[in-house]
Amino acid sequence: MSETRFTKSHEWVCLDAGIATVGITDHAQEALGDLVFVELPEPGRELTAGEVCAVVESVKAASDVYCPIAGRVVENNQAIVDDPALVNREAATGGWFFRLAPSDPAAFAALMDAATYEAFLETE
Amino acid sequence: MSIEIGPEVAETSPPKTTPLDLLHKALGARMVPFAGWSMPVQYSAGVLAEHLHCRADGCAALFDVSHMGQASLHGSAGTVALEALVPGDIQGLKPGRQRYTVLTNEAGGVIDDLMVSRLTPDHLFLVVNASRRDIDLPHIEAHLPAGVTLQRHDDRALLALQGPGAAVVMARLGPAAAAFPFMGFGPASIGGIDCLVSRSGYTGEDGFEISVPADLVDRLARLLLDQPEVGPAGLGARDSLRLEAGLCLYGNDLDELTTPVEAGIAWVIGKRRRIDGGFPGDIAIRDQLQNGCARMLVGIRPEGRAPARAGTNIVAEDGTAAGTVTSGGFAPSLNAPVAMGYVRRDLSAEGTGLRLQVRGRSLPARVVPMPFVPHRYVR
């Protein structure tokens, strides 16, 4: 059974069978506009929570993506490197960024659930 | 993630709004502060679509550029007075013609770049950058002789209609302006509204800039947007279009520490002015014309897909410091990143290999001619 949680910096994490898939939220892609470039962490890289782990660029500006929880990258999504607009079209699904093996399983539970993230967006 | 819309000027007071503020919001614009103004960075179509619309056959984009400063210089001695501040040949500017020029400082640096148009022998019409209007206009005023006056046109708005379809739209609504040659200028009625129109722009495409009384601009903008060729475009597309066209942005590619020779716009210096001088910084600028300068603004194509933004360090292939990117981003019409920046003169030749330091990596790039996308001005 998978569960999705969110960060205040607008990343989502979906935990399924011990592997965390990370992406940016629909709110984030909407705010950024048309993406034209994505840079992802390579498999094998150890990431700490809050570390800059990916970069997305729109026509106008570059933005950092922060790693929601610590872990080792096991896979990244080449489809969004080849077609950055996929993140705009499918932020929550096909536009995922990378998968990692979490080093601290408890960290996931500390993130916001969907209802809390929705409420957080209202305050932004 | 960090979400930022783009590099903006620090704001100190609430931004001013243009007379089209309500229209922008009705069109789904995302408004951002820019040089003290609240301006649309994009509409609902988005920067990419707006950019590509402006370059598409039979299409035209409409920009609100009312934040730019408009002014008239009145008086028969105005021409000579302005020539004392710019290296351009203003005496040679005929009625009905427009010219791009720069205000220079004593070191030859650029105070601003501007458009100068001649309405009559005694009346010049100026358009200056929004970010510099409060510097330029007092500077000009401080150098005027008796009998010459500078009239600010804060009661006028400015639209830019740009793209391959702009002439078709103008032929329908303002046939007098549609007959203007490139860099032509004059009064023209558009849809029954009296305007001052130039055949120029900031996109590399054919097009018009339309000065109109502020209280009529909403009517004119809606009339233009009603034309099937026309869609609104924001400052985001304006920036990517001008970058592809290799046109300098004041504050990025031009400033008080760069000369027109370094910036690759030495063509703004009139033949007579090269010989006679008589403008601020003439000694430094004429020296550079004769002997070259230590650095030059060049076009740069990064090899991969990663854009190199303004501020990116440029190094030579031997690892020595080469210069800095002053404008950089993604070129939608090329589907690739492009940049312009100042590099050492020995690295400024076309084809020279460079390295761009982006996020701790050294990305290969090369010097290329500008514009990145060919200009399509009317001839």
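Which residues does Phe63(B) touch, not counting residues up to four places away in sequence? Select Phe63(B) and look around it. Its contacts are Cys54(B), Leu158(B), Leu159(B), Ala160(B), Gln162(B), Thr203(B), Ala233(B), Gly234(B), Ala237(B), Arg238(B) and Leu241(B). Keep in mind throughout that this is a predicted model.

**Stop 1: the cores of chain B**

Stay on Phe63(B). It belongs to the largest nonpolar core, a set of 44 residues. Add Leu254(B), Ile265(B) and Ile269(B) to your selection. Together with Phe63(B), these have the most contacts inside the core.

Now colour the elements that give two or more residues to this core. In chain B the strands are β4 (60-64), β6 (97-104), β7 (110-120), β8 (123-128), β10 (156-162) and β18 (336-344). Helix α8 (235-244) of chain B is on the list too.

Another core lies apart from this one, with 27 residues. To find it, select Leu23(B), Ala166(B), Phe180(B) and Val230(B), which are among its members. Why look for such groups? In soluble globular proteins, nonpolar side chains tend to be buried together.

**Stop 2: a helix with two sides**

Move to chain A and select helix α5, residues 114-123. Which of its residues are buried? They are Tyr117(A), Phe120(A) and Leu121(A). These cover an arc of only 100° around the axis, so they sit on the same side of α5(A). The general rule helps here: an α-helix has 3.6 residues a turn, so residues three or four places apart point the same way.

Turn to the other side of α5(A). There Ala115(A), Glu122(A) and Thr123(A) are exposed. Then show β1 (3-6) and α1 (26-32) of chain A. Both are included in what covers the buried residues of α5(A).

**Stop 3: a buried arginine**

Go back to chain B and select Arg118(B). It is in strand β7. This residue is buried, yet it has no salt bridge. How far away is the nearest side chain of opposite charge? That side chain is Asp122(B), at 6.6 Å. A salt bridge needs the nitrogen and oxygen within 4 Å.

What does the side chain of Arg118(B) reach instead? Show the backbone oxygens close by. The one of Leu93(B) lies 2.6 Å from a polar atom of the Arg118(B) side chain. The one of Pro121(B) is reached at 3.1 Å. Arg118(B) also touches other residues, including Thr79(B), Ile90(B), Lys94(B), His123(B) and Phe185(B).

**Stop 4: a loop and a helix**

Select His67(B), in the loop between β4 and β5 (69-74) of chain B. Is His67(B) buried or exposed? Its relative accessible area is 4%, so it counts as buried. Its contacts include Phe34(B), Trp37(B), Met39(B), Arg133(B) and Leu235(B). Now check Ala35(B). Its C-alpha atom is 8.4 Å from that of His67(B), with their places 32 residues apart along the chain.

Next, select Ala284(B) in helix α10 (residues 282-291) of chain B. At 29% relative accessibility, Ala284(B) counts as partly exposed. Add Glu106(B), which is 178 residues away along the chain. The two C-alpha atoms are separated by 8.4 Å.

**Stop 5: salt bridges**

Side chains of opposite charge can pair when their charged atoms come close. Over all chains, the count comes to 26 salt bridges.

Start with a pair that crosses between chains. Select Arg359(B) and Glu57(A), which meet in a salt bridge at 3.1 Å, N to O. Arg359(B) is in the loop between β19 (353-358) and β20 (361-368) of chain B, while Glu57(A) is in strand β6 (residues 52-58) of chain A. Arg359(B) is partly exposed at 35%. Glu57(A) is buried, with a relative accessible area of 0%.

Then select Arg99(A) and Glu75(A). Their closest N and O atoms are 3.2 Å apart. Arg99(A) is in strand β9 and Glu75(A) in strand β8 of chain A, so the pair ties together parts that are 24 residues apart in sequence.

Now pick Asp346(B) and Arg344(B), a salt bridge at 2.8 Å, N to O. Asp346(B) is exposed at 54%, and Arg344(B) is partly exposed at 26%.

Finish with a group. Select Glu39(A), Glu57(A), Arg309(B), Arg359(B) and Arg361(B). Salt bridges that share partners join them into one network.

Note on methods: Residues numbered from 1 in each chain as written. Chains lettered and ligands numbered in written order. Predicted model: local features only at pLDDT ≥ 70, side-chain atom pairs only at ≥ 80, totals over all residues. Heavy atoms only, no water. Core = buried A, V, L, I, M, F, W, Y, C linked by side-chain atoms within 4.5 Å. Buried < 20%, exposed > 50% of the residue type's maximum accessible area, 1.4 Å probe, protein only. Helix = DSSP H or I, 4+ residues; strand = E, 2+ residues; numbered from the N terminus. Contact = heavy atoms within 4.5 Å. Arc of directions from axis to C-beta. Lys, Arg positive; Asp, Glu negative; His and termini not counted. Polar contact = N/O pair within 3.5 Å; in protein donor to acceptor, adjacent residues only side chain to side chain.
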